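Morning, everyone. I have one structure to go through today, and I will keep it short. Please have the sequence and the model open.

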Amino acid sequence: MYKGNAAQNISGGVFLRLFRIIPIAAALCLCSCTSLTESSESSGSSTADLTGMNESVKPELSESAESDDYEPLNYTNQIGTWYPYMDYAEYMQGKSADEFRAAVCEMFTQAKSQSINTVYVHVRANGDAYYDSSVFPKGTYLDGDYDPLQIMLEEAHKLELSFHAWINPLRCQTTEQMESLSDDFIVKQWAESNTGTFVNIVNGRYYLNPAYEEVIDLICRGVDEIVRNYDVDGIHIDDYFYPTTSEDFDKTAFEASGASDLSEWRIANCNRFVHAMYESVKRVDSDILFGISPQGNIDADYSTLYADVRLWGSCVGSCDYLVPQLYYGFENETCPFAETLAEWENLVTCDSVSLIIGLAAYKLGAEDKWAGAAGELEWVENPDIIQQQIELVEQSSADGYALYY
C-alpha cells in the first residue's frame, strides 16, 4: 500500500445513481514483491531485460524541478473517478477560460461531495495535449487560449482532490486529423515518413509502435514535460496498449528483432515502455504516483493487449497502483465479479503496488449484452449492484475503488 506525502485515510460514501451514502473501508494488503530485474517466474509472465534502457529516456533533473516545493497529494485509500476527453466538447468548446473554470469547479465540487478523493483526468487521449506542450499538438476540443490542465489542477487542489493526469501513450490522431497537423510535430513527421515502423494505422487511426526506442523516448518526453511543469499527483494510463493482434502492425520490427514468439515479444515491448514511464515519473519526484488501469479480464490482457499485469502487480518498478476495470456483474458468464475480484487480489502481491477496483457505474439501468444470458439484465433488475460490489471490495484486500460513469 502506498502513501504519498499528504496521504490520509478517508471514510465516507460515494453518492451513486442509487442516491444513497455508502461507507468506505479498505483492507491493508500485506504481501511480498520482487524487483523488475528479477525473474518473473513467480508471476507466470514473460518480460525483457529492462536494465539496458536507452539513456535518452532518462533526462536529468532541471533546477526548476529540483526546487519545486509542491508535495504530491495522494490517499492511502483511493476513491476515484474518471473524466474522459469525450466530455470536453460540452464544457470546453466555445468556452472562455472563466466559463471552463466554472464548469470544472462545479464538476469537482460534486465529486468532493460524493467522497471522491482522486480524479483521473484525460490530458492526452489521442496524441493531442490539453496542456502547454512542446511535444504534442493542441487538444482537438481546445479552441480557447488558456491552459486547461493548470485550471483543473488549481480547482482540484482547492478541494484537496488528488489529480492524476490520464494519458493514452500509443493512441494518436485519425488519418484525417493527421493530414491537417503541423509538420513541426514528431508524430506528423513519422506519419509522413515512417508509417509501418514508428507509427501504423489501425481502423483509420494512427498508433505508436512501442517496439522502437525512438517511440519510447517520445512517450517519456511527453510524461516528463507534464510532471516537470505541473503539480500533478499522479500519471495514469488505461487499457489502450496494442490496438490489434494483427501481425501486420509491427511486422518489420518483429522480423528485425530476431524473436520467435510475437506475443512474448509484444509483452516485452509493453513492459519496456511502462517501466520507462514509471522511471520518468520517479526521476522528477518519487512521490508522484504512476498507475495503470488494465481491462479486468486477465486472460484478455495477455492475449489481445499484451499487457503483463501479473508482472506489474508483483514487481517493484512498473507502477504504484493497478485499477483493473471490473466492469462485470455478479452473473457475468465470462468474468463474474466476485471471482474476478479474487483473481486480482491473488495477482497483486507486491506491497508497494495498490489494488484499486474499477466499477462500472455507467451500466446501472442498462442491458449488458456482453454478459451472457444469465447476466444480461442484472444491471436493470438489481439497482443495488454497485453498492453490493463496493461492500465486497471493502471486505477484500483492495485499497479502494474507482467509478466510471
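I will take the sheet, then the helices on it, then a helix pair, and end with the core.

Keep in mind that this is a predicted model.

Start with the sheet. Nine strands make it up, with parallel pairing, and the sheet is open. Reading across, the order is 12-11-9-8-4-3-2-14-13. Strand 12, residues 354-355, and strand 13, residues 357-359, are at the edges with a single partner strand each, so one side of each has no neighbour in the sheet. Further in, strand 2, residues 78-83, runs parallel to strand 14, residues 400-403, and four bridges join them. In that pair, isoleucine 79 sits opposite tyrosine 401.

Now the helices on the sheet. Helix 9 touches strand 4, strand 8 and strand 9, and its direction makes about 155 degrees with that of strand 9. Helix 7, residues 213-229, lies across strands 3, 4 and 8, at about 125 degrees to strand 3.

Next, two helices against each other. Helix 3, residues 97-113, packs with helix 4, residues 148-158, at about 35 degrees, with the axes 9 Å apart. The crossing is right-handed. Which residues of helix 3 make the contact? They are Ala97, Phe100, Arg101, Val104, Cys105 and Phe108. Counting both helices, the contact has nine nonpolar residues, four charged and no polar.

Last, the core. The largest nonpolar core has 123 residues, and Phe108 and Phe163 are among those touching the most other members. Helix 9 gives the most to this core, eleven residues. Phenylalanine 163 is in contact with residues including Phe108, Val119, Leu149 and Val232.

Technical notes
Residues are numbered from 1 along each chain as its sequence is written. This is a predicted model: local features need pLDDT of at least 70, side-chain atom pairs count only at pLDDT 80 or more; totals for chains, interfaces and linings use all residues. Side-chain values use heavy atoms; hydrogens and water are left out. A nonpolar core is a set of buried Ala, Val, Leu, Ile, Met, Phe, Trp, Tyr and Cys residues joined through side-chain atoms within 4.5 Å. Buried means under 20% relative accessible area, exposed over 50%, partly exposed in between (1.4 Å probe, protein chains only). Contact means heavy atoms within 4.5 Å. Two strands pair if DSSP finds at least two bridges between them. Axes are lines fitted to C-alpha atoms, for helices over the stretch in contact, and angles run from 0 to 180 degrees between N-to-C directions. A crossing is left-handed if the near helix is turned anticlockwise from the far one by less than a right angle, and right-handed if clockwise. Ala, Val, Leu, Ile, Met, Phe, Trp, Tyr, Cys and Pro count as nonpolar, Asp, Glu, Lys and Arg as charged, and the others, Gly among them, as polar. Lists of a residue's contacts leave out its neighbours within four places in sequence.
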